[in-house]
Amino acid sequence: MSPDAGRRALTRPRVLLLEDDRAIQRLVEMVAVDCEVDVHAAPSLGAAERALEAGRFDLLLADLMLPDGCAVEWLQRRRLADGAGCPRRIVAFSAGLGETVRRALGTAGVDRFLPKPVSVDEIEACFRVLRADTGKSRQGGDGPALAAAACARAPGSDTATSEASPRGATERFFGGDSHLHADFLETWRRGLAPEMARVEQHLSTGDLSAVTRIVHGMKSALHMLGQAQLADLASAIEQHCAEGDGAPAGLAWADLRSGLLAWSPAAGARQAPAACA
Amino acid sequence: MALHRPTADAIAPSQWRGPRTRSSGQAPRLLLIEDSSHFQSLIALLVKRELPQAELHVAEDGISGLAMTGRLDPDVLMVDLLLPGIDGAALITRLRSHEQFRRLRLVMVTGLSAAERKPYEFALQQVPVVHKTRLVEDLPPLLKSLVAERELVS
């Protein structure tokens with residue numbers, strides 16, 4: 001990791017996601033990657049307790065019904081115990097909550113609700129607020145005021161509707177189905193390391209037809225995932241291969257590989273053992 | 001939906017079964033020939049969601065895809081154009097040269113643009129083509145109509 005990347009990672013807001021639904025976890029994690037927010041998922045109250053003891057979080061994003069209890073009571077208990085270790089901001093997922101529960105959540109420190117089914121828009125808005133808030137407070141400014149201003153913006157009013165945004169890609173390529181988008185992203189990330197290894201193997205043996213086939217598939221997938229610049233790099237590799245130019249294809253692959261690893265660092269970790277074997 | 005991975009047991013055309021006798025209640029059988037694990041996964045997700053009763057079989061290259069077509073006699077065959085072994089166009093041409101596969105319902109799945117598909121046009125006559133970036137919107141209704149057509153025939 002470069003020093004700049006290291007600094008960015010250290011200053012990213014940290015979110016504790018208290019949610020046992022794996023699909024929602026994936027969705028939140030997917031949006032977090034694009035919003036440059038770190039998410040730690042806790043599938044139970046017990047796991048959340050342990051996470052809060054182990055580290056600092058800027059936001060708690062909580063479902064209310066967990067396998068080992070009710071988050072409302074848990075939050076109230078923590079608040080009574082002076083809220084030690086609890087993030088300053090708490091957002092609860094809600095699904096048709098009554099006024100009584102909302103009041104109880106208010107007294108437990110919850111300051112915002114995200115409706116279920118959860119939308120990418122809402123999560124993005126929540127993370128934008130968090131980033132603005134966290135950045136300002138780390139510079140010594142008035143974080144909550146900025147956050148309140150950001151909150152006042154209606155979901156969907158953001159200008160970041162380019163193809164590169166998760167919402168743009170979801171609408172354009174996944175029929176607006178953010179769960180399908182998240183599932184595809186997860187399978188893409190799982191398959192990325194072996195695919196990268198195959199490209200490198202074929203480049204080393206000069207099998208440019210095989211490189212073309214793999215990179216061509218990558219290009220389509222990257223377009224669908226909103227990574228237009230990476231898709232363009234894949235397209236350049238295809239072009240070099242079509243012209244029989246192995247050396248420029250290799251150089252362009254180095255660029256694409258760096259871009260893929262910057263976007264999906266886990267692929268590098270997964271690829272390392274294969275490269276050592 | 002049942003997902004079946006291939007066994008690498010390529011068989012010669014002479015060993016191909018003839019067309020199955022299908023009963024109308026039988027689960028539709030789909031075969032996907034696609035080397036990209038990403039698009040295998042996406043299509044599996046779509047089939048699971050939109051045609052949960054279907055069996056989906058997957059082959060990762062043209063040669064084993066050809067063999068599996070003979071062995072499975074699928075109701076619908078989805079073929080990628082750029083494949084290792086033999087490409088999708090050659091595969092379709094080969095299948096059509098055999099009487100028992102003349103009426104096979106085919107879908108071409110590709111990331112190639114219309115201009116890039118020109119060299120393969122000889123094989124794509126009357127074959128619906130779904131661009132990979134349009135899979136989510138276009139593939140499910142197409143599969144449903146092809147499966148419904150099969151039901152009507154049987």
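## Exercises on a two-chain model

In chain A, 40% of the 277 residues are buried. The structure is a predicted model, so keep that in mind as you work through the exercises.

**Exercise 1. What makes up the secondary structure of chain A, and what does chain B have?**

Step 1. Start with chain A, where the secondary structure comes to 13 helices and seven strands.

Step 2. Move on to chain B, which has four helices and six strands. Followed along its sequence, chain B reads β-β-α-β-α-β-α-β-β-α.

Step 3. Add burial for chain B: 39% of its 154 residues count as buried.

**Exercise 2. Which share of the contacts joins residues at least 24 apart in sequence in chain A, and which in chain B?**

Step 1. Keep to contacts between residues at least 6 apart in sequence; in chain A, 60% of these join residues at least 24 apart.

Step 2. Do the matching exercise for chain B, where residues 24 or more positions apart account for 73% of the contacts with a separation of 6 or more.

**Exercise 3. Is B:Arg29 buried or exposed, and which residues does it contact?**

Step 1. Find the residue: B:Arg29 sits in strand E2 of chain B, residues 29-33.

Step 2. Count its surroundings. B:Arg29 has 21 other C-beta atoms within 10 Å, and the cut-off for buried is 20 or more, so B:Arg29 is buried.

Step 3. List the contacts, setting aside neighbours within four places in sequence: B:Glu55, B:Leu72, B:Pro74 and B:Asp75.

Step 4. Look at one further pair. B:Arg29 and B:Leu56 are 27 residues apart in sequence, yet their C-alpha atoms are 6.2 Å apart in space.

**Exercise 4. Which element of chain B gives the most residues to the side that touches chain A?**

Step 1. Take the two sides together: the contact uses 15 residues from chain B and 18 residues from chain A.

Step 2. Look for elements that supply at least two residues on the chain B side; helix H1 (37-50) and helix H4 (135-153) each do.

Step 3. Pick the main contributor, which is H1(B) with six residues.

Step 4. Sort the chain B side by class: six residues are nonpolar, six are polar and three are charged.

**Exercise 5. How is B:Glu151 placed in chain B?**

Step 1. Locate the residue in helix H4 of chain B.

Step 2. Judge its exposure. B:Glu151 has 13 C-beta neighbours inside 10 Å and therefore counts as partly exposed.

Step 3. Compare sequence with space: B:Glu151 and B:Gln26 are 125 residues apart along the chain, while 9.1 Å separates their C-alpha atoms.

**Exercise 6. Where do A:Glu36 and B:Asp73 lie, and what is the sign of phi in each?**

Step 1. Recall the background: most residues other than glycine have a negative phi.

Step 2. Check A:Glu36, whose phi is positive, near 55°. This residue lies in the loop between helix H2 (22-35) and strand E2 (38-42) of chain A. Because 13 other C-beta atoms lie within 10 Å, A:Glu36 is partly exposed.

Step 3. Turn to B:Asp73, which is not a glycine but has a positive phi of about 50°. B:Asp73 is in the loop between helix H2 (62-72) and strand E4 (76-80) of chain B. With 19 C-beta neighbours inside 10 Å, B:Asp73 counts as partly exposed; the cut-off for buried is 20 or more.

Terms used. Residues numbered from 1 in each chain as written. Chains lettered and ligands numbered in written order. Predicted model: local features only at pLDDT ≥ 70, side-chain atom pairs only at ≥ 80, totals over all residues. Buried ≥ 20, exposed ≤ 12 C-beta atoms within 10 Å, placed from the backbone. Contact = placed C-beta atoms within 7 Å. Nonpolar A, V, L, I, M, F, W, Y, C, P; charged D, E, K, R; others polar.
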